[in-house]
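Visitor: I would like to learn how to read an interface between two chains. Could you take me through one, feature by feature?

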Amino acid sequence: MKLLTCPLNGLRNITEFTYGGEYHPMPDHQQASSREWAEHVFFHDNSAGVVIEWWCHSASSYWFLAERNTISDKILRTFPASEIFNQRIDFVAVPEATPTTKGESQ
Amino acid sequence: MPFGLLKYGLNSEYPGTHHFNPATELKKHYDVVIIGAGGHGTGIAYHLAKYHGITNVAVLEKNYLGSGNTARNTAVIRSNYLTEEGVTFYRESVKLWQDLSNEFNYNVMMESRGQLTLAHSDAAIRSFRWRAEVNQHMGVRSELIDRQQIAEIIPNLNMSEDARFPIMAGLWHADGATARHDAVAWGYAKGACERGVELHQLTEVEDIEVTSGKVTAVKTNRGRIECGCVVQAVAGASSVVAKMAGIPLPIHSYPLQAMVTQPYKPVFTPHVSSPHLHVYTHQTSRGEFVIGGGSDPYPLYNTRATLDQRETLTAAALELFPFLAQARMLRQWAGTTDMTPDYSPIMGLSPVDNYYLDAGWGTWGFKATPICGKTMAELVATGKVPEIIKPFELERFYKYQQINEAGATAASH
Amino acid sequence: MSPSIDIVTTALRRSQLYRRHIEMGAVFESLGDGTAGDSALVSYYGANNHQQELTQAQHLGLADLSTLPRMGFKGLGTPDWAAGQGIELPAQPNQATLQSDGTLVARLSQSELLLASNLNGLSESIASTTQSTPPERVYSLPRSDSHSWLVLCGSRAAETLAKVCGVDLRPHKFANGEVAQTSIAKINGVLVRNDLGETLSYCIFSDSSSVEFLWDSLHDAMAEFKGAAIGIQALRDC
Amino acid sequence: MSDQNRLAPPFGSLIDRQQPISFRFEKQNYQGFAGDNIASALAANQQWLLSRSFKYHRPRGLLTMAGQDANTMIQLSSDPNALADRIAISDGLEVMAQNYSGSLNRDRGALLGLFSKFLPVGFYYKAFFKPRGMWEKWAPLIRKKAGLGVINQDYQVEYYDKQYQFYDVAVIGAGPAGLCAALEAAKTGAEVLLVDENASLGGSLNYSRLDAEGNTARVLRQALVAEVEANDNITAMTSATCNGWFADNWLPIICGKRLYKVRAKKTILCVGSLEQQAVFHNNDLPGVIMSSAAQRLMHLYGVRPGKTAVVVTGNNEGYATALDLLDAGVQVNAIIDLRQQPEYDAIAEYAVSKGLEVKTGYAVYAANKDSGGLHLGSVEVREIMSQGICAAEGNTILCDTLCMSVGYTPTYQLICQGGGRLSYDDTSAMFTLTNCPEDCQIAGSVNSHWLLDDVMADARRAAMIATNELDLSSATVPAAIALSQQQSPNFGWPIFAHPKGKEFVDFDEDLQIADIINATRDGYEHVQLVKRYSTCGMGPSQGRHSALATARLVAAATDKTVAQTGVTTARPPFSAEHLGHSAGRSFYPAQRSNMHYRHLEAGAQMLQAGAWYRPAYYGSSDQRQDWINNEVNNVRNNVGLVDVSTLGGIEVRGPDAPEFLNRFYTFGFLKQPVGKARYALLTNEAGVIIDDGVACRFTEQHYYVTATTGGVGNVYQSMLKWNAQWCLDVDIANVTSAYSAVNIAGPNARRVLAKVCSDIDLDSQAFPYMGVREGNVAGIPARVIRVGFVGELGYEVHIPQHCGEALWDALIETGAEFSIKPFGIEAQRILRLEKGHIIIGQDTDAMSNPNEVNMGWAIAKKKPFFVGGRSIQELNKTPLKRCQVGFVVNDLKAPIPLESHLVLDGDRMTGRVTSCNYSPTLNKPVGLAFVEPDQAEAGSHFTIKSSGGVMVEAMVVKLPFYDPQTQRQEL
């Protein structure tokens, strides 16, 4: 069985974790076209190669990100979500305003 | 002793003839290029050649004939689907299955064993009734049965009330069947090649050329081919190939593992599955118990087997048949399943002209093989999408009009 | 917010396992707060005497301390505030320290603490922290109820756990005071090595609604090593 | 036991001659010694015939004596397909042969062999299917013929279990290489595991002859084993099989009834190599065995392989075997050496000096039966003219034993499971392995070394590399051991076709040379296709003895090199393992409410919801409906009590708590007053409903949110994941199992509660509908939520988990005077249905959006963002395809529709029933159904296809069915 390094709990069997889907930034939910939004919701990059994805350590409910090669299943790196999401994200009511922050625009 | 075999005994020289055209050089141009020589790809080629007279066709296979999920699936054939669109489609497929051996004069060993799906909760009973009602209304043999009836169909199933998850009811699908999975691709390929189609094994597509929204050529490890149109039938690599043509797909590719035991004398006949325990099993004609279950917990393009999946699968199988503890597991393997959000396939037109999709086959591709061959060939030959596959168009996701084969419970993310 | 509901010591509490204890002839002892009867702690199991249970504890014993007080705190303000309350914090996440009064304090993340009382059910730290109203960004967690508390101790404890837990818990690899948040018999839990004197001992805090399953699984795992249930007396004597 | 075919010590290192053991084979009594396996004990009794083959039912006997072939498969009472050369005998053991009809000696099935020419490769594909449907008739017959052993269906479940183990270095295989690797690694203080599938450490040192006199092996073994046993850093496991290699050195090791799951930082595979058979006519006759099998028989079990022997060899090891045979008093009639110019070593020269008859450049062309027809009687030897071609005639040599010593394949299975690749070296005619997975090495003969010194040096080197990488040592690693230039033990082409065929390439599947060649002629040229078409290598021994010969044959037939041809993928497990091993004990956790046993005591019928047990209703199952109706009526008329402890509970606290809920759920929560609860509907990003509950605001910064029993786990994880991105100043905690909860509902609910709750003003003005309070109930600190899921005056009381039973007792006791009664899930379902409340997952499905189930009111229109919000906007652009309506069935004689029955428009399916029950309150069936929008008009009718296809007319009614003004829950 694979081992996965949880940034909080260290090296553990991968069965202790829950896969949380591909990491990809959410498009601006007000500006995005209908097709863009549908692709955000239903479509996946599903790359063969190195991807960034969400994982959660079930026993501690700790979410983090991992870089994994989807061909070799080699896990290159795991890191706290705060490396990407390091500031509060806000949404603004007025449509023309873009709610984008650093966290979002990545 | 069937007469078919006499010639082999009576000839001193082996009378066998090459079933497939021996590998030749690639031509510069084909009217149709089919990517993937599994059951689907070869089926499409066969129908193009036999029923539409289109024979300037190349079937490209990066590995060997039928080496993908055709070789790896557990050969379950059924039509007890949930949606009108699904049932109509798979019902037609099962009809074709029943004629297949004689259709291309090659025994695919299609055998109706019946399929029993077990309910361990009242929620499951509700969703089985849903299935049964839709099926019956559409003339598919499928019914909700009680414990008594289950015990009659499979006397050695563990019906104990003290089981951790007691069996409460079942969904009996008399048309559930199995077949020799490899033979499907072999039979189609043989028939296609006899009619002039070219099968090119060990030929991998490396890029797809699209000019002004229209597919014009494919680049392979053996050179570039110009083409009138392209059909991709590459279960397990759909996203990767479609990406070469610039087409995004609503697919996540997960390994699906299965295992087989040594051969034993017959113990039970039907195919048995328990969605709650995530396990299914049946005994092959050779006497082996095939055991399969749910997909792996995370996506991967790799057909390695894992011990944890083996542990889960066998534990679940033994909940149903404790005596299987004495059976010996011989081999464990995996295929790659292209899972769609609504558990329905993606067939038909794509955003790229002359580029046709036969994808998103998750765990249900084998049973659809004949109908895919037929309908996709019709699409390629006529340019018109056959009614029966219209609902499975890629566009449905942009329209929020999914074909819900997922049933009752929604995914949380 | 009112933390009142988070910590309860009342005669009305009962371990989810109390029927198991009665079946096994448990003799209960009352807690500091006067709780008695089957709401209290298993002192020892009728058939045994203290010496027998002590020997059992040193070899391989399983005890249920679920009726003893515990408490949790979480939130960015937690470390400073807890320190202010006189709690000696473990330096790193997934480490635990024993307070002077015997309270076990496990640090589950930078900003989360789990407090478990000493074996007499009296804990200064828990008492003080629960009486004082926590400031902003300190959130209490009802660990007495969300989690059951089992103790697996004795020289064969690590081998026993190796049958239900995939983390290397052998004494020379998992030091006293280390914490593992992991899966035990397919149940998520917090596992803390907390030796009793010379006796190897692990505290297991896990979802209280599935503790019966865990209890049975651990008994099954202990069987080959001749493990048995023990009362709190034996733990105190260790 | 004087009549036994035994040799004097030192032969028989494994058996204890002081301990005779009696067992039965084919209902005959036999005796063996402790340490014997079934095959050796039978051989000691001159019983060589063990089984019948899969297809032609040919007589088969022992081949490898190492558990590597299917010929020794026998039937034990609860263990079919057991390997006779693996299973130790025990007193009273009942052993039967397998797969014969009639008797083992006279198997009617053997007739099939006569028709083998009519059963060409892939014959199943070529026949049995005309006319249409014919296969359905053949299949059952063929299935009866197929299969080997018989499963015992009355099998008593045995106790299998598992244990995790951890090591620095795992060494698999305890031959000379394994022993050296383990010792070298252990020097550095590494924790080392040494595993061997055989009963004793030492591997080939236990039986092979390494010098003329035959002392070296024994002496070396004793020395190495003593050193290993004395070393505390080494854990040695014998009779233990490492049955797979999985990612990150995750090793399943089977020993007895236990599966050890071993995590090793480094793995060194010293798994040795497997001796291969020569391929010639009747090479499967009992008496035709591997050289190593003869040596194992003699050295391990003290059994004489036969009286007169011939050795066919392609290397010098055949000569060593001949010497062993001589020592054992076997008459060696000839050594048939396939080589034209053998390069003799000292042992071979010594053998020659003994005056043995040696024919070089000769082959065994055919084996002949003895008079009995079930055992080897003689061999026909012919001169080799060219590769695979023999002279027109030869001569016959009598023998009852033929030892084959023509080469090996590395035991490649484990490495290849880890991604290792096989290539073929034409000069040595050997498979060689490359591309070992990370942190995994191979050493010894599996690494293509066949000279003892090379093997041991290679192993020590691998150990140094491993411990260096672990920073346990910093030894200077010697250069890789060069491959020996001496003549290889593998003979390039020990394959000799015969006009009559029966030269077996694959014993398991009865496949002959022609089958392999003809598969390629039919166009199945890729070795994987050859396997699938001919079934070569699919049998129980998974190609251990067919892979090399097949690769050579296919290569020749398709003008490819053996390296290009290769072998089929190696799949786990290494050797067939009982399903019981990987299953172990089943771990399916169960969750119980603190009140669980009170329900049982009250006669509840329990149902399972996820891992939870919940009371369905109280009373005997024969009057199910009456009990349920009574429970409903009691809630409507008096007061009822239901355990809702399984309900999810999540604390959302902090300055951003309202903002968080506002983004996560569909409703607005910013303006929610303190002390109030609000309905919380959850959609996923696709706008599909996935959960619901109520959000109770206890303070400005503190919400207590409930979630569905099955959903709370995902809801909680999803909350945390979203906030990992939003970084709001909020804390989220799943406190589901911290609280026991009951719902006390009915006109008398307040009266009951008032008796046990003095510090909350329960007056309807002070504590209105959808209010939330904290206080004490029956002396227990409680959160009291005034909700009306069942449509009556009701309070949800949430209290600390461990007080659940106490609360239940208190309420039942005080409620007695108001005739309080517990009610279960079934009654609750009816009650909420009468009230028109939906249940997520029952009245919704995987595609239901809020508009379809009339939940538009629960969607805040002006929020800047919420999960699923944009998708719901998209959904709103197209007209509804279906919508949910309430319906009643007025015809009381009609069969009551069941959940999932279809809604029809003519013959067209337009929807389905999601909930339906006879309402004791309205005295008619009421339900919820999905229908097409034009069927949704209140007062209109639609058809339901009910049980037995009976069409039932349903009338659409406005929801709720019961108490339309919703006064009762506001009382």
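**Reading the interface of chain D and chain B**

Guide: In this predicted model, about 9,900 Å² is buried between chain D and chain B, and carbon and sulfur atoms give 57% of that area. On the side of chain D, the three residues that supply more of the area buried against chain B than any other three are D:Arg143, D:Leu579 and D:Tyr588, with 9%.

Visitor: How many residues does each chain bring to the contact?

Guide: Chain D contributes 114 residues to the contact, and chain B contributes 105 residues.

Visitor: How many salt bridges and polar contacts should I look for between the two chains?

Guide: A salt bridge pairs a side-chain nitrogen of Lys or Arg with a carboxyl oxygen of Asp or Glu within 4 Å, and the count between chain D and chain B is 10. One of these joins the side chains of B:Arg286 and D:Glu509, with 2.9 Å from N to O. For polar contacts, the rule finds 59 residue pairs across the interface, with both residues at pLDDT 80 or more.

Visitor: Which helix gives the largest share of the side of chain D that touches chain B, and how is that side made up by class?

Guide: Helix H3 of chain D, residues 134–145, gives the largest share, with seven residues. By class, this side of chain D has 57 nonpolar, 29 polar and 28 charged residues.

Visitor: Which strands pair between chain B and chain D, and in what sense?

Guide: Strand E17 of chain B (residues 328–339) pairs with strand E30 of chain D (residues 577–578) in the antiparallel sense, over two bridges. Within E30 of chain D, D:Glu577 is the bridge partner of B:Met329.

Conventions. Residues are numbered from 1 along each chain as its sequence is written. Chains are lettered from A and ligands numbered from 1 in the order in which they are written. This is a predicted model: local features need pLDDT of at least 70, side-chain atom pairs count only at pLDDT 80 or more; totals for chains, interfaces and linings use all residues. Side-chain values use heavy atoms; hydrogens and water are left out. Contact means heavy atoms within 4.5 Å. Buried area is the accessible area (1.4 Å probe) that two parts lose on being put together, summed over both. A polar contact is a pair of N or O atoms within 3.5 Å; within protein, one must be able to donate a hydrogen and the other to accept it, and residues adjacent in sequence count only if both atoms are side-chain atoms. Helices (H or I, at least four residues) and strands (E, at least two) are DSSP runs, numbered from the N terminus. Ala, Val, Leu, Ile, Met, Phe, Trp, Tyr, Cys and Pro count as nonpolar, Asp, Glu, Lys and Arg as charged, and the others, Gly among them, as polar. Two strands pair if DSSP finds at least two bridges between them.
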